[in-house]
Amino acid sequence: QVQLVESGGGQVQAGGSLRLSCTASGSIFSINAMGWYRQTPGKQRELVAAITSGDSANYADSVKGRFTISRDNANNTVYLQMNSLKPEDTAVYYCKLDYYRRAGYFTSVWGQGTQVTVSS
């Protein structure tokens with residue numbers, strides 16, 4: 001059983017910064033990618049940023065230049081540094097892990113979510 005533990009959410013004023021972290025533990029053969037998604041009430045969950053095992057990163061247009069995703073491969077941890085936060089960044093942020101449970105067995109797991117609230 002693979003679990004994701006997220007931390008770093010909270011409340012901040014517009015223009016401020018937060019850093020989210022997500023650590024994966026359990027039976028992981030290899031990691032393909034880790035990423036952050038966010039969701040607000042009544043809307044679909046959307047990709048914020050993702051990073052592959054080869055450190056290739058992609059971002060939603062709305063966060064480019066403000067957010068940075070990074071990984072600590074040794075500790076199966078992904079970070080999301082969020083700067084210049086805006087009220088529209090307010091959401092529940094979810095970590096996602098795409099991994100191989102064993103060779104040829106690809107699957108995904110989600111974290112429990114962490115609330116980020118940006119006040120104007």
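**Salt bridges, ring contacts and a disulfide in a predicted model**

The side chains of D98 and K96 come together in a salt bridge, with 3.6 Å from N to O. This contact comes from a predicted model, as does everything described below. D98 has a relative accessible area of 14% and is therefore buried, the limit for that class being under 20%. Its partner K96 has a relative accessibility of 18%, so K96 counts as buried too. Elsewhere, salt bridges with shared partners connect R38, E46, R66 and D89 in one network. In general terms, side chains of opposite charge can pair when their charged atoms come close. The count of salt bridges comes to 5.

One link in the network deserves a fuller description. D89 and R66 form a salt bridge in which the closest N and O atoms are 2.7 Å apart. This pair connects distant parts of the chain, with the two positions 23 residues apart in the numbering. D89 belongs to the loop between β8 (77–82) and β9 (91–102), while R66 belongs to the loop between β6 (57–59) and β7 (67–72). D89 has a relative accessibility of 1% and so counts as buried. R66, at 11% relative accessibility, also counts as buried.

A further salt bridge joins K64 to D61, and here the closest N and O atoms are 3.1 Å apart. D61 has a relative accessible area of 65%, so this residue is exposed, given that exposed means over 50%.

The disulfide comes next. Searching the whole structure gives 1 disulfide, formed by C22 and C95 with their sulfur atoms 2.1 Å apart. A disulfide is a covalent bond between the sulfur atoms of two cysteines. The angle about the S-S bond is -85 degrees, and the link of C22 and C95 is left-handed. Because C22 lies in strand β3 and C95 in strand β9, the pair ties together parts that are 73 residues apart in sequence. Both ends are hidden from solvent by the accessibility criterion: C22 counts as buried at 0% relative accessibility, and C95 is buried with a relative accessible area of 0%.

Strand β3, the home of C22, also takes part in strand pairing. Strand β1 (residues 3–7) pairs with strand β3 (residues 18–25) in the antiparallel sense, over 5 bridges. Within this pairing, S7 has S21 of β3 as its bridge partner. Strand β3 is joined to β8 as well, by 6 bridges, and these two strands run antiparallel. On that side, R19 stands opposite Q81 in β8. In a regular strand the side chains alternate between the two faces of the sheet.

R19 has a second contact to note, since the residue appears among the charge-to-ring arrangements. R19 lies over the face of Y79, at 4.0 Å from the ring centre. A comparable arrangement is found for R45, whose charged end sits over the ring of Y94, 3.6 Å from the centre of that ring.

Rings also meet other rings, and the count of aromatic pairs comes to 2. In one of them, the ring centres of Y37 and W110 are 5.0 Å apart and the planes stand at 70 degrees, so the pair is edge-to-face. Y37 is in strand β4 (residues 30–39) and W110 is in strand β10 (residues 105–110), so the contact ties together parts that are 73 residues apart in sequence. Y37 is buried, with a relative accessible area of 18%, whereas W110 counts as partly exposed at 35% relative accessibility. Y100 and F106 also form an edge-to-face aromatic pair, with 5.2 Å from centre to centre and 65 degrees between the planes. Y100 is partly exposed, with a relative accessible area of 29%, and F106 counts as partly exposed at 41% relative accessibility.

Finally, the backbone offers two residues worth a look in the loops. D55 has a phi near 70 degrees, a positive value in a residue other than glycine, and D55 is located in the loop between β5 (46–52) and β6. N76 likewise has a positive phi, of about 50 degrees, although N76 is not a glycine. The loop between β7 and β8 holds N76, which counts as partly exposed at 25% relative accessibility.

Key
Residues are numbered from 1 along each chain as its sequence is written. This is a predicted model: local features need pLDDT of at least 70, side-chain atom pairs count only at pLDDT 80 or more; totals for chains, interfaces and linings use all residues. Side-chain values use heavy atoms; hydrogens and water are left out. A salt bridge is a side-chain nitrogen of Lys or Arg within 4 Å of a carboxyl oxygen of Asp or Glu. Buried means under 20% relative accessible area, exposed over 50%, partly exposed in between (1.4 Å probe, protein chains only). Helices (H or I, at least four residues) and strands (E, at least two) are DSSP runs, numbered from the N terminus. Two strands pair if DSSP finds at least two bridges between them. Rings of Phe, Tyr and Trp (its six-membered ring) pair if their centres lie within 6.5 Å; planes under 30 degrees apart count as stacked, over 60 as edge-to-face and the rest as tilted. A charge sits over a ring if NZ of Lys or CZ of Arg is within 6 Å of the ring centre and within 35 degrees of the ring normal. A disulfide is a pair of cysteine sulfur atoms within 2.5 Å.
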